[in-house]
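Got your viewer open? Load the model and keep the selection panel handy, and we'll walk through a few stops.

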Amino acid sequence: MNNDSYSEEKMRVSFDLDEVLFVSPDTHKTEPALRFPFNKIYKERLRLGTPDLVNELQRLGYEVWVYTSSFRTERYIKNLFKHYKVHFDGIVNAQRHLKEVQGNNKTILPQKLPSRYRISLHIDDETVVCSLGPQYGYKTYQLDAEDDEWKEKIIKEAEHIKNLPR
Ligand SMILES: [Mg+2]
């Protein structure tokens, strides 16, 4: 691969689902529930600002992925977010991770390995996922509690990483 095609590759940012994009309205500000009957099929509630942030990151030239340890199917995740006008560039769920990352490895690999998918920044609520970053070569942003400035902070972090010297 020459330098030109390398520089044209978009930087990838990925999000965990549970407790990051999917949150409880009891503890977090959320996007409105879907209207009937979709609210019966898709019960998860999105953290307020999720569609704005994903669309803004894509507008800024990033690829946005989902990296979840849950077994929700790709189709379920795609269709849920379609109702909020969000289209991810890639989705890694537990099935895909087990097949493509864990595979037949004798050693148990971490539950997520964003570097395996050339993801430069992964957003997750779990300390264990974030703390393994340096060892396995990926960068993280830890997000858990309600934070009215989460969108700005994540964009800032993504821009910071994009501008790091390679
Ligand atoms: Mg989580």
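Before the first selection, one convention: two strands count as paired if DSSP finds at least two bridges between them. Keep in mind, too, that this is a predicted model.

**Stop 1: the sheet.** Select residues 12-15 and 63-67, which are strand 1 and strand 2. They run parallel and are joined by four bridges, so the pair passes the cut-off of at least two. Zoom in on Phe15 and you'll find Val66 of strand 2 standing opposite.

Now bring up the rest of the sheet. It is open, has five strands in the order 3-2-1-4-5, and the pairing is parallel. For the edges, pick 90-92 (strand 3) and 140-142 (strand 5); each of these pairs on one side only. Look at the twist as well: ignoring direction, neighbouring strands are turned by 20° against each other on average.

**Stop 2: the metal.** Select the magnesium ion, then show Asp16, Asp18 and Asp125 as sticks. These residues coordinate the ion at 2.0 to 2.2 Å. Check the atoms: Asp16 and Asp125 each contribute OD, while Asp18 contributes O. Along the sequence, the donor spacing reads D-x1-D-x106-D.

Which of these is buried, Asp16 or Asp18? Colour by accessibility to find out. Asp16 has a relative accessible area of 4%, so it is buried. Asp18, at 30%, counts as partly exposed.

**Stop 3: the rings.** Show the aromatic side chains; the count comes to five aromatic pairs. Start with Phe22 and Phe81, a stacked pair with 5.7 Å centre to centre and 15° between the planes. This pair links distant parts of the chain, 59 residues apart: Phe22 is in the loop between strand 1 and helix 2 (38-41), and Phe81 is in helix 4 (residues 74-82). Both Phe22 and Phe81 are buried.

Next, add Phe88. How are the rings of Phe81 and Phe88 arranged? Their centres are 4.7 Å apart and the planes sit at 80°, so this pair is edge-to-face. Phe88 is buried, as is Phe81. Keep Phe22, Phe81 and Phe88 on screen together and you have a cluster linked by ring pairs.

**Stop 4: charges over rings.** Select Arg47 and Trp150. The charged end of Arg47 sits over the Trp150 ring, 5.4 Å from its centre. Then jump to Arg116, which lies over the face of Tyr117 at 5.3 Å from the ring centre.

How values were computed: Residues are numbered from 1 along each chain as its sequence is written. This is a predicted model: local features need pLDDT of at least 70, side-chain atom pairs count only at pLDDT 80 or more; totals for chains, interfaces and linings use all residues. Side-chain values use heavy atoms; hydrogens and water are left out. Donors are N, O and S atoms within 2.8 Å of the metal (3.2 Å for Na, K and Ca); water is not among the atoms, so sites may look incomplete. Buried means under 20% relative accessible area, exposed over 50%, partly exposed in between (1.4 Å probe, protein chains only). Helices (H or I, at least four residues) and strands (E, at least two) are DSSP runs, numbered from the N terminus. Axes are lines fitted to C-alpha atoms, for helices over the stretch in contact, and angles run from 0 to 180 degrees between N-to-C directions. Rings of Phe, Tyr and Trp (its six-membered ring) pair if their centres lie within 6.5 Å; planes under 30 degrees apart count as stacked, over 60 as edge-to-face and the rest as tilted. A charge sits over a ring if NZ of Lys or CZ of Arg is within 6 Å of the ring centre and within 35 degrees of the ring normal.
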